[in-house]
Amino acid sequence: MNLDEALQTFIAESRELLEEMENALLNVDLAGDQGEAINAIFRAAHTIKGSAGLFGLDHIVGFTHVVESLLDKVRDGSVSLNDEMVVLLLSCCDYLSAMMDALAAGRTEQDPDTAPEGEMLQQQLRRHMAGEAPEAAAAAGAALAVHAEPGVERIDGERGDSDYWHISLRFGRGVLQNGMDPIAFLRYLRKLGRIVGIATLADALPPADEMDAELCYLGFEIAFDSAADREAIAGVFEFVQDDCTIRIIPPHSKVSEYVNLIRALPERAARLGEILVRCGSVTRHELDAALNQQAEAERTPAQQLGSILVDAGNVPPVVVEAALAKQKQVSEQKAQESRSIRVDSDKLDKLIDLVGELIIAGARASMIGQHLQNTELLECTSTLSGLVEDVRDAALELRMVKIGATFNRFQRVVHDVARELGKDIGLIVDGEDSELDKTVVEKIGDPLMHLVRNAMDHGIEPAEVRIAAGKPAKGMIKLNAFHESGSIVIEVSDDGGGLRKDKILAKAIERGLVDPERKLSDSEIYNLIFEAGFSTADKITNLSGRGVGMDVVKRNIQALRGSVDVSSREGQGATVTVRLPLTLAIIDGFLVQVGSSVFVIPLDMIEECIEYGTEPGQDYCNLRGQVLPCIRLRRLFRMDGAPTRRESIVVLKFGNQRAGLVVDTLLGEFQTVIKPLSPMFSEVKCISGSTILGSGEVALILDVAQLLNTVSGKGAAAAIPA
Amino acid sequence: MADEVKRIALDGELTIYRAAELKLDVLAALRQARVLEIDLSGVIELDSAGLQVLMLAKQTAAAEQRELRLVQHSPAVVDVFELLDLVAFFGDAVLIHA
């Protein structure tokens with residue numbers, strides 16, 4: 001790896017660490033046990049400092065050193081963490097992030113523009129260190145050699161229970177011939193301490209006929225109780241060190257150390273685990289937990305005991321229930337990381353593209369099969385298309401990421417905004433394991449941000465009002481995500497005052513959005529807030545209330561082929577529900593034909609297909625007693641030619657709107673690879689993309705949301721009740 | 001195959017110097033009967049090489065559905081077996097020498 005690549009990795013890792021640090025800071029319980037959180041913060045600062053030193057990034061090293069010094073004081077208890085300090089440390093996080101951004105942009109030196117800010121932060125940090133400033137300042141300049149490894153080990157809280165040294169020996173084949181006797185070394189070892197447990201391994205012994213009695217095949221795993229230091233213990237084996245693999249693990253090592261050992265040794269992992277337990281180096285509990293996990297994770301191929309124990313090493317020992325819940329977020333993320341690999345997203349995109357081509361080629365093959373009416377070929381292509389479908393799903397799954405990372409970012413937002421507003425607001429995050437396409441995750445951040453800010457600003461009442469209403473003074477925002485039939489649902493709810501129906505309606509009438517005579521259902525009224533130029537906030541804050549926002553949110557979400565809906569109970573809060581498709585690349589489509597053109601409709605938007613039969617001369621039909629407005633594709637796209645004799649109606653549903661689409665012929669389901677239209681066609685309405693059919697023809701994908709808009713007019717007032 | 005117990009005794013130094021010869025002797029004896037009993041009372045020294053031969057014999061016996069019993073462990077043998085926690089590996093009753 002050249003230095004440039006390493007630097008990129010450093011930047012990526014540092015960003016992750018900073019995120020972790022931020023999470024830990026936001027979760028730190030000022031009153032209760034802070035140990036784990038502070039360790040996490042310290043670890044992040046320390047690792048960044050160490051790595052930055054490797055690249056000679058002195059300005060980063062200098063800054064993190066001061067942060068670290070303060071954290072060190074917090075850890076040993078000489079300075080206690082307070083609210084002010086958390087805010088300061090958060091600013092430090094931001095400052096470091098800015099430095100990382102600058103670094104990513106290629107500036108390896110201190111940016112003179114931001115230097116004063118850094119200086120100011122450092123001064124504040126020193127002030128908190130109370131009296132220790134000169135030493136720290138001197139140290140910042142001088143002793144900045146990189147000692148990442150010992151420091152990181154020292155602070156790591158996740159220890160194994162073992163009080164003993166663990167010594168692992170594999171003697172070389174030639175030991176005996178060189179006149180050394182392994183047994184003699186073990187006898188000598190006993191002079192330094194007590195052998196608590198020993199396992200003699202004869203696994204390397206070959207079958208009787210191949211075994212050479214003068215070669216050594218033995219190995220030993222030893223738990224050793226001794227006050228001697230590593231050097232003294234290693235010294236015992238000095239004479240054989242060239243001819244013997246010796247691994248020594250000090251007492252109280254992390255479980256992961258043992259795991260590394262297990263990995264390095266030639267014997268099978270499970271057997272080695274047993275051996276380690278037998279000599280008392282790893283507890284039965286630690287091993288069982290790891291082995292159980294392995295059994296559960298059997299579906300994941302190549303999941304080794306090793307990686308599981310590493311993960312287990314990341315999960316803190318059971319502490320108080322509450323502390324555990326807080327820790328969970330951070331440590332789960334970490335555990336996740338150690339099990340995953342980093343792949344350039346371009347490579348994934350390439351894969352998805354190829355799978356797309358594969359689907360198109362497969363469709364072509366099956367079409368030819370049908371054309372030739374060759375049963376064998378048809379059978380073959382049907383197996384093939386089944387497999388291609390599986391490959392498609394697996395490939396799309398690769399792009400799936402958990403929404404947790406996006407949600408966790410809101411901890412900071414809520415913290416900051418609550419401060420700005422002078423309200424006490426907490427955030428509850430649920431369903432962070434729900435997965436969705438990476439592109440969707442990236443694009444949903446802004447709309448969600450808007451919704452959260454809006455809920456905090458308008459939803460949650462001031463503390464006095466809340467107490468008067470008999471609610472806890474602390475307001476709560478809740479983010480929740482779950483899967484529901486091919487889409488992901490994200491809910492942003494608050495326990496504030498809820499939407500005021502009368503106020504919304506009055507405003508809508510004032511703005512001419514609805515006819516005063518019209519009777520609207522509650523949900524219709526609530527959804528008026530997504531109309532352009534609508535805001536009921538009495539006062540305009542710098543957060544929201546300027547009348548832009550909700551309509552933009554709605555547009556952004558619709559651009560992702562999603563929908564948004566709001567429900568509310570007066571006095572108890574409101575919930576905004578965002579519904580998004582799981583993926584944007586490949587969908588199940590339904591083919592219809594008008595004239596000679598073929599169109600694709602996303603299958604999950606179709607409710608049913610019925611025989612054509614509108615009221616004569618009207619653009620609606622009677623669907624089991626309900627009025628169903630109809631859109632004639634032929635007329636909408638101004639296509640020539642007469643309609644066929646037997647037209648059909650495809651009933652579309654999006655959100656709570658319904659409409660029928662009049663088409664000539666129904667062609668059936670089709671796996672649709674979405675190809676974006678060139679920018680030239682970006683203004684074309686009612687078409688969201690294109691795809692290639694098996695015949696090589698291009699079919700346009702219909703934008704159902706826009707189609708429905710054409711029938712329902714602009715206002716939600718005209719929405720068709722579901 | 002004779003289904004009886006064959007007994008042999010090993011004595012003196014079970015060390016690297018005799019290991020090759022020892023291996024042949026023990027394996028040959030092992031294959032003469034279903035059960036081989038080795039008397040170790042005369043062993044005055046046991047080193048890693050000698051130990052390996054005994055371990056090999058035990059493994060081979062297990063692989064060939066035979067039985068290897070070690071009896072009358074001498075103090076030198078007990079000392080090594082205890083140092084390396086091998087009593088369970090061989091599974092024989094060991095007399096503790098006072």
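Q: Is the crossing of α4(A) and α5(A) left-handed or right-handed?
A: Left-handed: that's the word if the near helix is turned anticlockwise from the far one by less than a right angle, and right-handed is for clockwise. Keep in mind that this is a predicted model, where local features need pLDDT of at least 70, side-chain atom pairs count only at pLDDT 80 or more, and totals for chains, interfaces and linings use all residues. Residues are numbered from 1 along each chain as its sequence is written, while chains are lettered from A and ligands numbered from 1 in the order written.

Q: What makes α4(A) roughly antiparallel to α5(A)?
A: Helices α4 (83-104) and α5 (115-129) of chain A pack at about 150°, with axes 11 Å apart. Over 145 degrees counts as roughly antiparallel (under 35 is roughly parallel, 65 to 115 roughly perpendicular, the rest oblique), so the label fits. Angles run from 0 to 180 degrees between N-to-C directions, and axes are lines fitted to C-alpha atoms, for helices over the stretch in contact.

Q: Which residues of α4(A) make the contact with α5(A)?
A: Met85(A), Leu88(A), Ser91(A), Cys92(A) and Tyr95(A); contact takes C-beta atoms, placed from the backbone, within 7 Å.

Q: Why are β2 and β4 of chain A called edge strands?
A: In the open four-stranded sheet β2-β3-β1-β4 (chain A), each of the two pairs on one side only. Pairing takes at least two DSSP bridges, and β1(A) with β4(A) has six, in the antiparallel sense. Strands are DSSP E runs of at least two residues, helices H or I runs of at least four, numbered from the N terminus.

Methods
Contact = placed C-beta atoms within 7 Å.
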